[in-house]
Amino acid sequence: MLINVPWYFYYAFKQLFPSNKYISYFSLISIIGVALGVSLLIIVQSVMNGFGENIRMHLSQTYGDLTITSEKTYINDYSKLREELFEYGGLISVEPYLETVVMAQSEYKTAFPIMRGLETLQDKLYLLKNDKHEELNSLSSIEKFIIRGSYEALNNETLFVGELLANSLEVSVGDSLIVYSQNAIERIANEEWLFPKEFSIAGLIRTGSPGLDNNILISSLGGLQELVDRGSVISGFNIGLNESGTSYLLQIKNQLESSSIAEDKKLIFETWMDKNFDLLFVIDQEKRVISFIIIFIILVASFSIAVALMLSVIRKTKEIGLLRALGAESWQIAFCFCLQGFLIGVFGCILGILFAFLVLENREIIFSFYTSIIGQEVNFLGAYDLYSIPVHYLIEDFIKVILLSVFISFSAALLPAIRAAKLKPSEALRND
Amino acid sequence: MINENLHLICGKNLWRNFHIGEGLVPIIKGIDFILDKGDSISIMGDSGSGKSTLLNLLSGLDCPDKGQLFWKGELVSNSSANLLSRKRRRFIGFIFQSFHLISDLTVFENLYLAAKIGVISSLDSEKNLKIKVEKALSLVRLEEFSKCSVLSLSGGEKQRVAIARALINDPSVIFADEPTGNLDDRASEEIMQLLLSLVTENLKSLVLVTHNVKFSRYTNSVLNLKDGIFNA
Ligand SMILES: Nc1ncnc2c1ncn2[C@@H]1O[C@H](COP(=O)(O)OP(=O)(O)O)[C@@H](O)[C@H]1O
Ligand SMILES: [Mg+2]
């Protein structure tokens with residue numbers, strides 16, 4: 001002890017770490033209890049964050065930052081609207097798309113996937129040539145998901161098929177698909193006839209989310225417009241922003257919503273978060289519920305703190321009497337015990353966080369060890385492109401966990417502390 | 001009539017009752033007590049006669065049910081326990097029959113803690129505290145035991161640590177409640193000699209509770225406690 005701290009800090013510290021042993025048995029158990037709770041909280045929260053973050057990243061990549069659709073099914077003369085959006089600041093790409101459910105028939109199988117029409121490379125080049133928007137991304141958002149074939153091959157006669165859908169239709173690149181529009185099916189009921197359209201498969205895509213890969217056809221905008229037979233219509237725009245971050249996204253969304261663009265066309269603005277609200281909500285709730293359950297571990301640990309300190313007050317009654325004889329005031333005695341609870345909380349937190357880091361940073365080794373022990377591969381990995389356990393540290397989680405566990409540890413010490421302070425010096429000294 | 005202003009410790013008509021069994025039993029029944037600077041007093045009496053109770057009253061560890069207590073002329077019997085604690089730090093040093101050392105601490109740390117509690121202003125630097133401890137250790141010739149756990153000491157050595165602790169904050173008065181009660185004859189003699197020599201050398205006042213007539217003769221006066229009052 002080099003600094004001139006008051007005696008009660010010194011005494012509290014010495015109670016936890018007596019000179020004749022490294023640490024008192026009771027405080028060790030309490031510290032381990034808190035550390036266990038803290039490390040579990042940190043581990044679970046960080047892994048949950050990791051999964052959440054992974055899914056979020058995935059969703060935002062797959063769905064684009066923001067989509068604009070209309071209350072009506074289709075948007076007509078969209079090029080004017082597109083111009084207006086271009087002039088609006090903050091957008092880096094404005095991609096029109098048309099989307100509808102179709103019936104797709106291969107040689108052997110039939111499916112009812114969603115078909116999405118996007119601009120082809122030719123469309124984009126045309127735009128670039130005739131337009132001032134040279135700074136815009138010329139590439140389509142679909143490009144990064146293509147696992148076979150290339151984007152250049154997309155034209156009015158070709159399409160890309162979701163990997164899983166291709167499997168279930170038993171088709172591959174080069175095969176052809178007969179596609180019936182919804183329209184065509186409706187007209188059959190009216191004994192009219194609209195011919196289906198034959199596409200050849202130019203490639204496969206994989207977004208990583210099974211629901212989508214099982215259910216998607218990508219065609220050119222023109223090709224799908226032809227199939228739908230409503231003229232030059234789109235379902236909406238996929239918007240990319242020039243900055244990432246959810247707060248920026250929400251800001252742009254709000255600005256667009258309240259702008260004049262929204263009014264006349266009855267436009268709907270949806271972020272990827274709006275579209276996946278259910279999923280994100282579930283992830284968030286899960287984290288909350290699991291954390292809540294784990295807090296009970298810390299509560300149990302706090303119980304052990306309370307018991308340890310209460311026992312210590314009883315064991316050290318004479319010692320407390322002696323301290324009073326030496327001149328200690330009752331609040332200082334109480335402070336000693338509160339400080340012990342506090343220190344147990346702090347040391348428990350430090351230990352718990354270190355342990356959590358140790359576990360999280362070596363999770364692959366631990367996980368493979370675990371799978372080798374239970375003797376089977378664990379299958380949950382793979383969905384959403386997760387081939388390892390993701391971890392994402394959130395500083396606010398750490399702060400919350402630390403504050404909570406230190407507060408609980410401190411509170412656990414209150415009762416013993418009050419008891420110690422209430423001891424009458426003469427009676428404490430007499431105690432046998 | 002007693003003039004409280006002239007004395008270091010002055011108790012007037014002190015009473016103390018305890019709940020024993022069903023009833024309220026008076027243990028101290030109107031005692032007058034005077035201790036002057038440099039004075040030494042032995043208190044003798046049967047076990048259970050109330051000697052420790054009286055010491056507790058005089059040292060402010062316990063409150064009298066009736067009567068007045070003055071320290072250096074100041075009335076303290078109505079003061080709060082915490083105020084008494086603060087005043088006690090540099091006024092009274094204690095030595096107990098059962099040593100009352102803190103077993104988790106070393107010899108040095110026991111003294112250091114007492115010195116730290118005795119700190120009045122922040123002017124007492126860490127260095128000063130350590131010097132105080134070393135000085136106190138040398139008074140009782142325990143320098144080599146500084147780093148030892150108090151659990152490893154013999155009874156006599158423990159009581160020497162306790163004597164050093166009682167002196168460390170340079171109090172005016174030493175209260176020694178049967179300091180040799182747990183020691184064998186040789187150690188008792190040694191401790192008594194050490195205590196008495198330190199008390200005289202450092203001009204302390206001493207209140208000594210003892211069953212040993214020989215030791216009681218070393219003090220200036222002897223009081224006999226019986227049935228809650230002093231026998232002449
Ligand atoms: N806090 C207390 N509560 C109840 N009885 C007490 C208390 N303190 C002392 N006594 C009683 O008072 C009597 C005197 O005790 P004490 O002063 O310790 O005697 P001595 O020190 O002379 O041996 C004893 O009978 C003891 O049981
Ligand atoms: Mg006694």
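In this predicted model, helix H2(A) passes helix H14(A) in a right-handed crossing. H2 of chain A spans residues 25-63 and H14 of chain A spans residues 330-361; the two pack at an angle of about 45°, with their axes 7 Å apart. Two further helix pairs, one in chain A and one in chain B, are described below, followed by a cavity lined by residues of both chains.

**H2 and H14 of chain A**

- H2(A) and H14(A) are oblique to each other, because their angle of about 45° falls outside the ranges for roughly parallel, antiparallel and perpendicular.
- On the H2(A) side, the contact includes A:Ser27, A:Ser30, A:Ile31, A:Val34, A:Ala35 and A:Val38, as well as A:Ile42, A:Ile43 and A:Val47.
- On the H14(A) side, the residues met include A:Ile344, A:Gly345, A:Phe347, A:Gly348, A:Cys349, A:Leu351 and A:Gly352, together with A:Phe355 and A:Leu360.
- The residues of this contact between H2(A) and H14(A) comprise 16 nonpolar, seven polar and no charged.

**H12 and H16 of chain A**

- Helix H12 (residues 277-315) of chain A packs against helix H16 (residues 395-422) of chain A at an angle of about 30°, and their axes are 9 Å apart.
- Because angles under 35 degrees count as roughly parallel, H12(A) is roughly parallel to H16(A).
- The crossing of H12(A) past H16(A) is right-handed.
- H12(A) contributes, among others, A:Lys287, A:Ile295, A:Ile298, A:Leu299, A:Ser302, A:Ile305, A:Leu309 and A:Met310 to the contact.
- H16(A) contributes residues including A:Asp397, A:Leu404, A:Ser405, A:Ile408, A:Ser409, A:Ala412, A:Pro416 and A:Arg419.
- By class, 16 nonpolar, three polar and three charged residues make up the contact of H12(A) with H16(A).

**H3 and H5 of chain B**

- In chain B, helix H3 (residues 107-117) and helix H5 (residues 155-167) pack at an angle of about 25°, with their axes 9 Å apart.
- That angle makes H3(B) roughly parallel to H5(B).
- H3(B) passes H5(B) in a right-handed crossing.
- From H3(B), B:Val107, B:Asn110, B:Leu111 and B:Ala114 meet B:Val161, B:Ala164 and B:Arg165 of H5(B).
- Five nonpolar residues, one polar and one charged form this contact of H3(B) with H5(B).

**The second largest cavity**

- The structure holds two cavities of 30 Å³ or more.
- The second largest cavity encloses about 90 Å³ of space.
- Its lining has 13 residues, of which A:Leu326, B:Arg89, B:Ile92, B:Gly93 and B:Asn169 are the closest to the cavity centre.
- At least two lining residues each come from helix H13 (317-326) of chain A and, in chain B, from strand E6 (92-96) and helix H5.
- E6(B) gives the most to this lining, with three residues.
- The lining of the second largest cavity divides into eight nonpolar, two polar and three charged residues.

Technical notes:
Residues numbered from 1 in each chain as written. Chains lettered and ligands numbered in written order. Predicted model: local features only at pLDDT ≥ 70, side-chain atom pairs only at ≥ 80, totals over all residues. Heavy atoms only, no water. Axes fitted to C-alpha atoms, helices over the stretch in contact; angles between N-to-C directions. Helix = DSSP H or I, 4+ residues; strand = E, 2+ residues; numbered from the N terminus. Parallel < 35°, antiparallel > 145°, perpendicular 65-115°, else oblique. Left-handed = near helix turned anticlockwise from the far one by under 90°. Contact = heavy atoms within 4.5 Å. Nonpolar A, V, L, I, M, F, W, Y, C, P; charged D, E, K, R; others polar. 1 Å grid on protein atoms, 1.4 Å probe; cavity = no way out; pocket = protein on both sides within 12 Å on 5 of 7 lines; lining within 4 Å. Points joined across faces, edges and corners; volume = space filled by probe spheres on them.
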